[in-house]
Amino acid sequence: MDSFLYALSFLLFLSLLPFHTALPQKFPSSSSSSSSGQINSNSILVALLDSHYTELAELVEKALLLQKLEDTVGLHNITIFAPRNEALERQLDPEFKRFLLEPRNLNSLQTLLMYHIVPKRIGSTDWPTANSGPLPHRTLSDHHVHLTTNGPAKKTVGLAEIVRPDDVVRPDGVIHGIERLMIPRSVQEDFNRRRNLRDISAVIPEGAPEVDPRTHRLKKPAPVPAGAPPVLPIYDAMAPGPSLAPAPAPGPGGPHHHFNGMRQVKDFIHTLLHYGGYNEMADILVNLTSLATEMGRLVSEGYVLTVLAPNDEAMAKLTTDQLSEPGAPEQIIYYHIIPEYQTEESMYNAVRRFGKVRYDTLRLPHKVMAQEADGSVKFGHGEEVSAYLFDPDIYTDGRISVQGIDGVLFPPEEESKTEPKTVPKTALGDSELRNQEAYQELLHQPESKDDLHATNNTFLISIKC
């Protein structure tokens with residue numbers, strides 16, 4: 001009986017076994033889950049940060065793209081075309097690399113990096129054949145890259161050759177090693193515009209045109225080519241003083257506006273705010289005065305400026321009396337603006353060579369003096385009112401240069417005119433004093449020429465006696 005029941009249960013188990021194997025099996029997914037919001041340790045992003053593409057990984061972190069890439073991996077697989085370290089470290093133009101690492105060019109750096117990432121899994125077997133032509137794919141930067149095959153084994157993406165196909169493979173993506181950095185057209189154009197702004201500041205010197213001193217206009221107006229410095233002095237282009245309450249200067253757009261000055265002024269003010277420690281200076285430029293608008297108009301006309309920006313600690317030492325007078329904030333800032341383009345290197349070389357250098361300011365006729373001190377540049381005419389170059393080259397774009405200083409500068413007070421010395425009355429005797437008073441009274445009230453002549457003789461005789 002027991003053997004019969006055992007045989008019956010065994011046959012029932014064998015009959016249910018195929019049905020059990022036909023059921024779908026559920027295994028834990030190794031790819032990243034969008035519901036969890038966290039990246040798996042086996043993710044392609046973790047592999048990129050731990051790979052030998054260290055230069056690319058550092059640029060991704062500096063571009064603040066990790067969060068965006070995590071969101072992208074949570075939705076679909078990605079393919080990363082990673083330039084080798086030599087292409088980013090030695091073969092890249094140093095000027096272009098410096099352009100990418102500047103804080104104001106963060107958008108260009110992000111566009112460049114996302115140009116190397118395709119939101120789709122592309123393995124080495126997914127390349128088109130040599131006869132099928134290029135295959136386009138949209139990248140995360142909304143640009144297209146074209147995959148081509150030249151010959152039996154040469155695979156390319158854009159102009160870069162694939163040197164390590166399927167170098168890193170993970171469930172949510174793949175990394176292909178490429179020989180060079182791919183640069184989209186928009187980033188190249190941004191870099192060319194920045195470089196052109198620096199190049200146009202160097203102009204071949206020519207003879208000064210004749211200016212009518214009465215009207216401050218050219219006697220023989222000549223066409224000014226685009227990019228050339230303006231002909232008239234910067235003081236003739238400035239708005240009237242703050243006592244006249246000028247209207248905001250017009251923005252660029254006319255025939256003489258070769259640069260977008262307002263955008264560059266906003267750019268350097270934002271840089272001051274992000275740099276930290278110069279909020280008071282930015283507040284005066286934007287809220288308390290119309291200097292930002294005027295500076296933008298001057299830059300639009302082709303002028304160059306160097307701003308000596310006092311930090312917040314220096315601005316906090318200003319007293320109420322120094323700021324209460326009408327137009328005082330404008331006059332203070334005018335004395336900190338030099339109508340030249342100077343950098344830390346140019347100013348330091350000048351003071352090392354010449355000892356003391358006097359720079360013109362927008363506050364006529366005062367000049368600010370610079371000299372070398374403790375391996376830096378010191379501004380001011382004395383020890384009491386002086387400032388050191390504290391944060392050099394905060395912003396330099398070829399038109400506007402911002403140099404941080406640790407003090408507020410004031411021009412030296414004008415010497416009072418010397419009055420003619422008069423002999424005090426106490427130094428004269430009583431008789432001499434009476435004679436001098438009588439002589440002055442007779443000079444102011446003469447009756448006739450004969451009387452005046454006789455009076456003079458009488459006065460002289462009385463003095464001799």
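How exposed is Asp 190, given as a relative accessible area? Asp 190 has a relative accessible area of 24% and is partly exposed, a class that lies between buried (under 20%) and exposed (over 50%), computed with a 1.4 Å probe on protein chains only.

The model is predicted, so local features need pLDDT of at least 70 and side-chain atom pairs count only at pLDDT 80 or more, while totals for chains, interfaces and linings use all residues. Residues are numbered from 1 along each chain as its sequence is written, and side-chain values use heavy atoms, with hydrogens and water left out.

Keep Asp 190 selected and add Arg 193. These residues form a salt bridge, with the closest N and O atoms 2.2 Å apart; the term denotes a side-chain nitrogen of Lys or Arg within 4 Å of a carboxyl oxygen of Asp or Glu. Both residues belong to helix α8 (residues 185-199), where three residues, about one turn of the helix, separate them. Helices are DSSP runs of H or I with at least four residues, numbered from the N terminus. Arg 193 is partly exposed, at 48% relative accessibility.

Next, select Arg 164 and Asp 167. Their side chains are joined by a salt bridge of 3.1 Å, N to O. Arg 164 is partly exposed at 42%, and Asp 167 is partly exposed at 22%.

Finally, select Arg 138 and Asp 142. A salt bridge links them, with 3.9 Å between the closest N and O atoms. Asp 142 is exposed, at 57% relative accessibility, whereas Arg 138 is partly exposed, at 44%.

The structure holds six salt bridges, including the one between Asp 190 and Arg 193.

Methods. Helices (H or I, at least four residues) and strands (E, at least two) are DSSP runs, numbered from the N terminus.
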